[in-house]
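Work through the exercises below with the structure in view. Try each task before you read its solution.

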Amino acid sequence: MVLSTLLLSVGGPCRAAEVEVPAPAREFRAAWVATVANIDWPSKRDLTSRQQQEELIALMDRAARLNLNAIIFQVRPHCDALYASELEPWSEYLTGAMGRPPEPFYDPLGLSVELAHERGLELHVWFNPYRASHPSGKSELSSDHISKTMPHVVREYGKHLWLDPGEPEASDHSLAVIMDVVRRYDVDGAHFDDYFYPYPIKDDEGNKVDFPDEPSWKKAQAAGETLSRDDWRRQNVDQLIERVYREIKKEKPWVKFGVSPFGIWRPGHPKEIKGFDAYASLYADARKWFREGSVDYLTPQLYWKIDSSGQSYPLLLRWWHQQNKLGRHLWPGNFTSRVANPGSGDWPVDEIIRQVDVTRGQTGATGNVHFSMKALMEDRRGMAAALAAGPYQQPALVPASPWLGGEPPAMPAVRRRRAKLHFRMPDKSSPWLWVIQTHSTDGWQTRILPGHLDEYDLDRQAGTGAPSQVAVTAVNRLGQAGPAKLLGGRR
């Protein structure tokens, strides 16, 4: 709780009275927007630019109405781009043909950042660091695709093409793509999902097919590599994770870097857990990244029910918290799309609501990420409405990241003219967000506004009676809140 002193007139001389202003809620509330195979956006590859933009606006509007505070937007499904890039070709998921830009032209990522920030939403850019083609791709690979410009770093594996993590040029290219976006766009975070080395495939006899990285492995050995092949593969991924984190912080310290690994690090951790071994098969040592602080947040994909016997949501969440030695953010991922989906379990709405509650009850876990936005847009079985009426009824700030440094904003200057609040920063800059808190006979209510606004109509506040007390706080890009400016007395 934040204690502030407010001068109130009580039937005569002013006297100091202590007013207890509650700290606004802090919780990461996000959804993935998958562009691969047109899962979430755009809904089809033959939409006009205007139709695509209308879908983006509707998506951002729904996120804001649900009191989400972040969108994780897939901008690189497989060495292609949902934005204007000189390094990789336009994604075919936009226009049906790789390399073909939207016509009339617009920049989907630029628009997404603008729409998100207008609504006070963070926009995290989601990259697939190694995938170079996907079976859902139907058009020819363009001449500027990496499989054509740097074929020596690309491997064919089943129905996919994959950058070889053992080829330094491949990692250099992915890092260059990521940093190009971070430099040119006003994003709030960069994000990887669970694809590192590819998920294993089997041949016609049912035998596991090894990833075809013999050329890079032999080059590494010739250069003096002494690790085992498995440890070398994990080292390749570790080094990219560490480089991405380091380079982002050099360029824009406030941009968060997060990874969403497969929800099980290794079977037997904790001992009740059974299932796929991401450490041994994807060569992804997410526990190491979390322990060593190579990420600002970890979003393990806990895509199982609470009562799953071998993949218990609460047991896995607790275990991941225990690995968080540096106090970074733990924001688990939820398989929200399984609600009302007979092909993948047909979960009830209550399962997702309960998972949010379990997350809130776990020390060190401070939010959830929903896969994917399509399920919330469709409001399957009233799930979006249930979130809005239940755990997301009140707005929340993204938890702050104190390890990123920075200074909290100053106290804003605030004027009240009847039902209108007018506010600004002393240096006339715009904060990231404004927190408006009002107290009436219904108690304290909170509203979070984007920082480009400079006024608020108190009559819009729900409840009965004019507010007797008002607090206005500025919040910066690091999530730090400054001191509240307090106004008292009905007008």
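Helices and strands are DSSP runs, at least four residues for a helix and at least two for a strand, numbered from the N terminus. The model is predicted.

**Exercise 1. Two cis bonds**

Task: Find which residues the cis peptide bond with omega of about -20° joins. Then locate the cis bond with omega near 0°.

Solution.
- Step 1. Trp41 and Pro42 are joined by a cis peptide bond, with omega at about -20°.
- Step 2. Place the proline. Pro42 sits in the loop between strand E3 (28-33) and H1.
- Step 3. The bond with omega near 0° runs from Glu103 to Pro104.
- Step 4. Pro104 belongs to the loop between helix H2 (92-95) and helix H3 (108-118).

**Exercise 2. Helix H1, length and sides**

Task: Check the length of helix H1 (residues 49-65) against 1.5 Å a residue. Then say where its buried residues lie around the axis.

Solution.
- Step 1. The expected span is 1.5 Å times one less than the number of residues. For the 17 residues of H1, this should give 24 Å.
- Step 2. Compare with the model. The end C-alpha atoms of H1 are 24 Å apart, which agrees.
- Step 3. List the buried residues of H1: Ser49, Gln52, Leu56, Leu59, Met60, Arg62 and Ala63.
- Step 4. These residues cover an arc of only 160° around the axis, so they are on the same side of H1.
- Step 5. Recall the general rule. An α-helix has 3.6 residues a turn, so residues three or four places apart point the same way.
- Step 6. Look at the face turned away from the buried side of H1. It carries the exposed residues Arg50 and Arg65.

**Exercise 3. Positive phi without glycine**

Task: Asn67 and Cys79 are not glycines. What phi does each one take, and where does each one lie?

Solution.
- Step 1. Asn67 has a positive phi of about 60°. It comes just after H1, in the loop between H1 and strand E4 (70-76).
- Step 2. Cys79 has a positive phi of about 55°. Its place is the loop between E4 and H2.
- Step 3. Test Cys79 for burial. The cut-off for buried is under 20% relative accessible area. Cys79 has 0% relative accessibility, so it counts as buried.
- Step 4. See what surrounds Cys79. Leaving out residues up to four places away in sequence, it touches Glu88, Pro89, Arg131, Ala132, His145, Ile146 and Leu163.
- Step 5. Compare sequence with space. Cys79 and Ser91 are 12 residues apart in sequence, and their C-alpha atoms are 8.5 Å apart.

**Exercise 4. Helix H3 and the core**

Task: Explain why H3 counts as largely enclosed. Then find which residues have the most contacts inside the largest nonpolar core.

Solution.
- Step 1. Of the 11 residues of H3, 8 are buried, so the rest of the structure largely encloses this helix.
- Step 2. Name the buried residues of H3. They are Pro108, Leu109, Leu111, Ser112, Val113, Leu115, Ala116 and His117.
- Step 3. Find their partners. The buried residues of H3 pack against H1, E4, H2, strand E5 (122-127), H5 and E20.
- Step 4. Turn to the largest nonpolar core, with 114 residues. Ile71, Leu109, Phe192 and Phe257 have the most contacts inside it. Helix H5 (residues 168-184) gives the most to this core, 7 residues.
- Step 5. A second, separate core has 13 residues, including Val414, Leu421, Leu449 and Val472.
- Step 6. Link this to a general trend. In soluble globular proteins, nonpolar side chains tend to be buried together.

**Exercise 5. Empty space**

Task: How much space lies in the largest pocket, and which residues are closest to its centre? Do the same for the largest cavity.

Solution.
- Step 1. The largest pocket holds about 590 Å³ of space. It is lined by 27 residues, and Ala64, Asn67, Pro395, Arg447 and Ile448 are the closest to its centre.
- Step 2. Strand E20 (443-450) and H1 each supply at least two lining residues. The largest share, 6 residues, is from E20.
- Step 3. The whole structure has 2 cavities of 30 Å³ or more. The largest cavity holds about 100 Å³.
- Step 4. Its lining has 16 residues, and the closest to its centre are Glu122, Leu397, Val398, Trp432 and Leu433.

Terms used:
Residues numbered from 1 in each chain as written. Predicted model: local features only at pLDDT ≥ 70, side-chain atom pairs only at ≥ 80, totals over all residues. Heavy atoms only, no water. Core = buried A, V, L, I, M, F, W, Y, C linked by side-chain atoms within 4.5 Å. Buried < 20%, exposed > 50% of the residue type's maximum accessible area, 1.4 Å probe, protein only. Arc of directions from axis to C-beta. 1 Å grid on protein atoms, 1.4 Å probe; cavity = no way out; pocket = protein on both sides within 12 Å on 5 of 7 lines; lining within 4 Å. Points joined across faces, edges and corners; volume = space filled by probe spheres on them. Contact = heavy atoms within 4.5 Å.
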